[in-house]
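Colleague: Mind if I poke at some of the labels on this model? I'd like to hear what each one rests on.
Modeller: Go ahead, here it is.

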Amino acid sequence: YFKCIDKFNCNSIIKKIDMELKNKNLGWNMNVQNLYLQFIINSLRNITLTSPNPPYSRKNVNAAIEISKYMHKHFHESISLKDIAKALGMTPRNVSRLYKGYFGTTVGNALRQFRYNFAKYYLITTDHSVDKIAEMVGFSSARTIYKLLKENEGLTVTEFRRRYKRQ
């Protein structure tokens, strides 16, 4: 973990994301995505620009961003750490180390979170079956969605859709 001064107002971005998620006004999902990207960039700026001797080189910051971009682009596919490493010309160990160092979580956990968030989005915005949504977001089975919803939201798929689906 890095401790640094929040020169780029990351805390205010988190508050804006929270407000968007609570209010869900028209265009909230696009606004949350933009705020999320702004948060990632500003967080990296805080890490790399606030210290006269940053712990990682700019080259590694760029590599961490490339890893994240690749994951965002391909999360719906059946990708692994080896696939990411091969696509970026790195070793799996280096990908794992860089990603965890910059984002504080593993590649696997981040992929699961991307998939879960998109699954929730599709549950709310489509009438697709849970099996179809699992396939769309890259989960190997619908059971993963059922399990994650129950663990994280305390809801079944039907309850989740009833509560959050806009008519």
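Colleague: Why is N46 called buried?
Modeller: Buried takes a relative accessible area under 20%, and N46 comes in at 3%, so it counts as buried. Bear in mind that this is a predicted model. N46 sits in helix α2. Its C-alpha is 9.2 Å from that of N9, and the two are 37 residues apart along the chain.

Colleague: What about R161, buried or exposed?
Modeller: R161 has a relative accessible area of 18%. The cut-off is under 20%, so R161 is buried. It belongs to helix α9, and its C-alpha lies 9.8 Å from the C-alpha of Y122, with the two positions 39 residues apart along the chain counted as their separation.

Colleague: How do you know that the buried residues of α9 line one face?
Modeller: The buried ones are V157, F160 and R161. Looking down the axis of α9, they fall within an arc of 95°, so they line one face of the helix. R162 and R163 are exposed, on the face turned away from that buried side.

Colleague: And what makes Q113 partly exposed?
Modeller: Partly exposed is the range between the 20% and 50% cut-offs. Q113 has a relative accessible area of 42%, so partly exposed is the label. Q113 is part of helix α6. Between the C-alpha atoms of Q113 and F75 there are 9.8 Å in space, and 38 residues in sequence.

Colleague: What makes the phi of K24 worth a mention?
Modeller: K24 has a positive phi of about 50° and is not a glycine. Most residues other than glycine have a negative phi. K24 comes after α1, in the loop between α1 and α2.

Colleague: Is K24 buried or exposed, and why?
Modeller: Its relative accessibility is 17%. That is under the 20% cut-off, so K24 counts as buried.

Colleague: How do you know that the length of α1 fits the expected span?
Modeller: Helix α1 covers residues 10–23, which is 14 residues. The expected span is 1.5 Å times one less than the number of residues. For α1 that expectation is 20 Å, and the reach from first C-alpha to last is 20 Å, so the two are close.

Colleague: Which residues of α1 are buried, and what puts them on the same side?
Modeller: C10, I13, I17 and E20 are the buried ones. They cover an arc of only 75° around the axis, which puts them on the same side of α1. An α-helix has 3.6 residues a turn, so residues three or four places apart point the same way. K15 and K22 are exposed, on the face of α1 turned away from the buried side.

Colleague: Where do the buried residues of α7 sit, and how do you know?
Modeller: V130, I133, A134 and V137 are buried in α7. Their arc around the axis is only 100°, which puts them on the same side of α7. D131 and E135 are exposed on the other side.

Colleague: What makes up the largest nonpolar core?
Modeller: It has 37 residues, and those with the most contacts inside it are I67, M71, I84, L123, F139 and I145. At least two residues each come from α2, α3, α4, α5, α6, α7, α8 and α9. The largest share, eight residues, is from α6. In soluble globular proteins, nonpolar side chains tend to be buried together.

Colleague: How is the lining of the second largest pocket divided by residue type?
Modeller: Six are nonpolar, two polar and one charged. The lining consists of Y36, L37, I40, I41, I65, S68, K69, H72 and F103. Lys counts as charged, while Ser and His fall under polar. Helices α2 and α3 are the elements giving two or more residues to this lining. The space in the pocket is about 170 Å³.

Colleague: Last one: what is the secondary structure of the whole chain?
Modeller: Nine helices and zero strands, which reads α-α-α-α-α-α-α-α-α along the sequence. Of the 167 residues in the protein chain, 35% are buried.

How values were computed:
Residues are numbered from 1 along each chain as its sequence is written. This is a predicted model: local features need pLDDT of at least 70, side-chain atom pairs count only at pLDDT 80 or more; totals for chains, interfaces and linings use all residues. Side-chain values use heavy atoms; hydrogens and water are left out. Helices (H or I, at least four residues) and strands (E, at least two) are DSSP runs, numbered from the N terminus. Buried means under 20% relative accessible area, exposed over 50%, partly exposed in between (1.4 Å probe, protein chains only). The arc is that of the directions from the helix axis to the C-beta atoms. On a 1 Å grid over the protein atoms alone, a cavity is a set of points where a 1.4 Å probe fits but cannot get out, and a pocket is an open set with protein on both sides within 12 Å along at least five of seven lines; lining residues have an atom within 4 Å of a point. Grid points are joined across faces, edges and corners, and a volume is the space filled by probe spheres set on the points. A nonpolar core is a set of buried Ala, Val, Leu, Ile, Met, Phe, Trp, Tyr and Cys residues joined through side-chain atoms within 4.5 Å.
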